[in-house]
Amino acid sequence: MSVFARRSFVVVLSAFVAAAAVGAPRWDTSEYPVSTQRRFEEAERLFMAGDHDASFALYTVLTRERPELSPAHIGLAASASRLGKHEEASVAYLAAAALLPGDPTIEGELADSYRDAKRLDEAERWYHEALSHAGGHADSAKWHVGLGLVDSSAGRFRGAAAHYRDALAANPLQTIATHNLGVALLKRSEERRVGKECRSRWS
């Protein structure tokens with residue numbers, strides 16, 4: 001576990017991802033030098049202000065100087081994601097996952113970043129990791145959808161449909177899962193129709 005208050009983790013990560021940190025508990029960086037505290041606070045401010053190039057640069061400096069500073073890796077990853085730098089986001093989330101092992105929120109964000117980078121095998125692995133640690137986590141449905149998107153991208157529509165059904169079991173109001181389930185079932189039906197036509201043609 002890092003030197004930071006773990007109770008703040010989900011709130012702060014959600015704030016990074018959603019850029020809605022008003023009133024959110026802050027990471028406790030009091031064990032670090034004042035210069036580090038100030039740079040971290042400035043990086044947070046830049047991110048929340050939407051200056052993701054600047055926050056990316058400052059978080060990069062922080063992670064190099066203080067590689068054990070887990071929220072700096074999270075901030076770097078979130079900044080990279082906003083800039084479309086998905087490979088950099090994956091590297092930073094992977095570092096955060098190593099510092100906070102077994103945390104499903106980090107694992108789910110890492111999976112998303114791998115999927116955005118088109119690294120589907122890694123994305124699939126980390127979605128399963130997140131779900132294995134999820135319990136009743138609010139994002140479980142989202143991670144099932146992620147697995148469905150991975151399978152859909154690979155043309156595995158039967159598997160995709162199963163994941164979308166799992167997402168709806170976790171959250172019946174998950175509209176993306178409802179829509180994507182319909183698409184996957186249509187694709188699956190089309191596959192069966194084409195397969196039947198091919199068999200009849202060559203029999």
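Before you click on anything, one definition: buried means under 20% relative accessible area, exposed means over 50%, and partly exposed is what lies in between (1.4 Å probe, protein chains only). This is a predicted model, where local features need pLDDT of at least 70 and side-chain atom pairs count only at pLDDT 80 or more, while totals for chains, interfaces and linings use all residues. Residues are numbered from 1 along each chain as its sequence is written, and side-chain values use heavy atoms, with hydrogens and water left out.

**Stop one: Lys142 and Asp112**

Select Lys142, which sits in helix 8 (residues 140-153); helices here are DSSP runs (H or I, at least four residues), numbered from the N terminus. Lys142 is partly exposed, at 31% relative accessible area. Now add Asp112: the two form a salt bridge (a side-chain nitrogen of Lys or Arg within 4 Å of a carboxyl oxygen of Asp or Glu), and their closest N and O atoms are 3.0 Å apart. Asp112 belongs to helix 6, 30 residues from Lys142, and the pair links distant parts of the chain. Asp112 counts as buried because its relative accessible area is 10%. Keep both selected and bring in Glu109 and Arg115: salt bridges with shared partners join these four residues into one network.

**Stop two: Arg119 and Glu87**

Next, pick Arg119 and Glu87, whose side chains meet in a salt bridge at 2.9 Å, N to O. Here too the pair links distant parts of the chain, 32 residues apart: Arg119 is in the loop between helix 6 (104-116) and helix 7 (120-132), and Glu87 is in helix 5 (residues 86-99). Arg119 is partly exposed, with a relative accessible area of 28%, and Glu87 is partly exposed as well, at 38%.

**Stop three: Glu42 and Arg45**

Move on to helix 2 (residues 34-48), which holds both Glu42 and Arg45, 3 residues apart, or about one turn of the helix. Zoom in and you'll find a salt bridge between Glu42 and Arg45, with the closest N and O atoms 2.8 Å apart. Colour by accessibility if you like: Glu42 comes out partly exposed at 30%, and Arg45 is partly exposed at 46%. If you want to hunt for others, the structure holds 8 salt bridges.

**Last stop: Gly182**

Finally, go to Gly182 in helix 10 (residues 175-202). Gly182 is partly exposed, with 30% relative accessibility. Draw a C-alpha to C-alpha distance to Ala161: the two are 8.2 Å apart in space and 21 residues apart in sequence.

Terms used
Helix = DSSP H or I, 4+ residues; strand = E, 2+ residues; numbered from the N terminus.
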